[in-house]
Amino acid sequence: MVAERMASIRPFYVMELLARARTMEQEGRSVIHMEVGEPDFETPGPIVEAGKRALDAGSSHYTPAAGIIELRRAIADDYRKRFGVQLDPSRILVTPGSSGALQLVMSILINPGEGVMMADPGYPCNRNFVHLVSGEPVTIPVDAGTGYQLTAEMVERSWRDNIRAVMVASPSNPTGTLLKRDELERIHRVVKSRGGVLIVDEIYQGLVYDGTPFSALEISDDLFIINSFSKFYGMTGWRLGWLVAPASYVGAADRLAQNIFLAASTPAQHAALAAFDDETQAIVTSRRDAFRERRDYLLPELRRLGFEISRVPEGAFYLYANVSGITDDSARFAHDLLEQEGVAITPGKDFGDYLPEQHVRFAYTTSMEKLKEGVVRIERFLNQG
Ligand SMILES: Cc1ncc(COP(=O)(O)O)c(C=O)c1O
């Protein structure tokens with residue numbers, strides 16, 4: 001018998017869709033992938049080379065649980081260069097993906113029965129990380145009116161005695177929308193005044209197309225930051241992320257990391273040192289431009305086809321569309337679109353319980369050419385329906 005907590009852990013439906021898409025491809029059908037939340041680009045060459053060199057040099061042993069100091073310093077340095085933030089590297093813990101950071105942060109903060117407030121729709125795994133520590137995900141419905149983000153007023157209004165933490169993501173998955181700096185400041189103030197803790201997921205921070213990106217660390221030291229090499233640096237499979245914790249929590253996070261991970265991947269850590277080189281930065285910056293170009297192509301095309309996307313999402317690589325003008329069942333829509341036209345998208349039910357049947361997520365993590373072919377197929381599908 002599996003433990004009772006497993007009853008709360010829902011599957012990630014997109015994985016089922018992906019499995020079906022892969023089967024179709026094995027049967028010789030062509031599939032346009034707009035469901036996958038990872039860049040189609042390979043890891044930049046300088047990072048791969050640094051990883052190879054590390055392996056050749058025998059870097060295959062455990063590192064300290066919080067990561068190699070060179071990488072922690074390089075990350076701190078990047079915050080200084082990018083955002084003017086002075087950050088003591090001792091507050092940075094390198095983790096197996098930001099998923100490792102999420103597991104650490106929930107484990108060191110949340111007692112059984114304590115609540116973590118978060119937006120619905122949101123990244124589905126967050127709810128499950130909370131369940132894993134027997135906490136209660138307190139999901140707050142958000143819509144286009146607030147850019148699919150929590151506001152300070154919502155946090156205030158929805159506060160309950162058991163709430164220990166509030167979690168936000170900017171840019172968000174599945175919506176690609178940002179939290180404005182002044183709103184984040186207000187949210188931080190409300191959370192502090194209630195004696196809670198703010199967790200800010202910045203894993204799409206490198207992928208912001210409009211406006212000036214900022215880090216929540218510019219606002220305060222007294223919050224948790226989740227980040228990753230997965231998306232901006234195209235390193236999903238290397239499994240490398242990081243947590244920035246307030247100084248008073250670092251000891252607990254380190255102690256837990258020693259026990260549950262021992263350390264993040266050693267070759268990946270050495271490889272990631274090359275992420276901050278000029279050569280790599282030039283590569284990832286031009287990729288960001290390519291993502292922006294894709295967004296600027298796909299968004300008007302989807303609107304033309306009847307998908308409602310009321311605001312231009314400023315970051316990540318997702319478009320979250322209201323499909324109520326087209327269907328009343330987004331999961332069936334995604335299923336039929338895949339079966340009939342070989343276009344894979346993610347139905348809203350993966351991201352929460354707030355009007356999931358009215359929404360789908362498109363990921364522009366595939367080439368412009370394939371996006372164009374995807375649009376042709378979607379149009380044909382809609383005309384048939
Ligand atoms: C918002 C958000 N946070 C965290 C993650 C986890 O990513 P990783 O563990 O690869 O860093 C993802 C992955 O899709 C995500 O979208």
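Helices (H or I, at least four residues) and strands (E, at least two) are DSSP runs, numbered from the N terminus. With that in hand, Ser134 can be placed in the loop between α5 and β4 (136-141).

Before you start: this is a predicted model, where local features need pLDDT of at least 70 and side-chain atom pairs count only at pLDDT 80 or more, while totals for chains, interfaces and linings use all residues. Residues are numbered from 1 along each chain as its sequence is written, and side-chain values use heavy atoms, with hydrogens and water left out.

**Exercise 1. Describe the backbone and the exposure of Ser134 and Arg239.**

Step 1: look at phi. Ser134 is not a glycine, yet its phi is positive, about 60°. Arg239, also a residue other than glycine, has a positive phi near 60°.

Step 2: place Arg239. You'll find Arg239 in the loop between β7 and β8 (241-244).

Step 3: check exposure. Buried means under 20% relative accessible area, exposed over 50%, and partly exposed in between (1.4 Å probe, protein chains only). Ser134 has 37% relative accessibility, so it counts as partly exposed. Arg239 comes out at 34%, so it is partly exposed.

**Exercise 2. Find the cis peptide bonds before Pro121 and Pro171, and say where these prolines sit.**

Step 1: go to Asp120. The bond from Asp120 to Pro121 is cis, with omega near 15°, and Pro121 belongs to the loop between β3 (115-120) and α5 (124-132).

Step 2: move along to Ser170. The bond from Ser170 to Pro171 is cis too, with omega near -5°. Pro171 is in the loop between β5 (163-169) and α7 (181-193).

**Exercise 3. Work out how the chain is divided and how its domains meet.**

Step 1: split the chain. Domain 1 covers 4-42 + 280-384 and domain 2 covers 45-276; such bounds come from an automatic or database domain assignment. The C-alpha centres of the two domains are 25 Å apart.

Step 2: count the residues in contact (heavy atoms within 4.5 Å). Domain 1 brings 36 residues and domain 2 brings 45.

Step 3: size up the interface. Buried area is the accessible area (1.4 Å probe) that two parts lose on being put together, summed over both. Here the domains bury about 3400 Å² between them, 54% of it on carbon and sulfur atoms. Arg288, Glu314 and Tyr354 supply 19% of the area that domain 1 buries against domain 2, more than any other three residues.

Step 4: look for a salt bridge, meaning a side-chain nitrogen of Lys or Arg within 4 Å of a carboxyl oxygen of Asp or Glu. The rule finds one across the interface of domain 1 and domain 2. Asp210 and Arg295 are joined by a salt bridge of 2.7 Å, N to O.

**Exercise 4. Pick out salt bridges elsewhere and place their partners.**

Step 1: start with the total. The structure holds 23 salt bridges.

Step 2: take Arg20 and Glu339, whose closest N and O atoms are 2.7 Å apart. This pair links distant parts of the chain, with Arg20 in helix α1 (residues 13-26), Glu339 in helix α11 (residues 330-341), and their positions 319 residues apart. At 30%, Arg20 is partly exposed, and Glu339 is partly exposed at 24%.

Step 3: try Arg194 and Glu156, which meet at 2.9 Å, N to O. Arg194 is in the loop between α7 and β6 (197-201) and Glu156 is in helix α6 (residues 152-158), so this bridge ties together parts 38 residues apart in sequence.

Step 4: finish within a helix. Glu183 and Arg186 form a salt bridge, with the closest N and O atoms 3.0 Å apart. Both lie in helix α7, three residues apart, about one turn of the helix. Glu183 counts as buried at 16%, whereas Arg186 is partly exposed at 35%. Salt bridges that share partners join Asp182, Glu183 and Arg186 into one network.

**Exercise 5. Describe the surroundings of Gly97.**

Step 1: locate Gly97 in helix α4 (residues 97-109).

Step 2: check its exposure. Gly97 has a relative accessible area of 0%, so it is buried.

Step 3: list the neighbours. Leaving aside residues up to four places away in sequence, Gly97 touches Arg239, Leu240 and Gly241.
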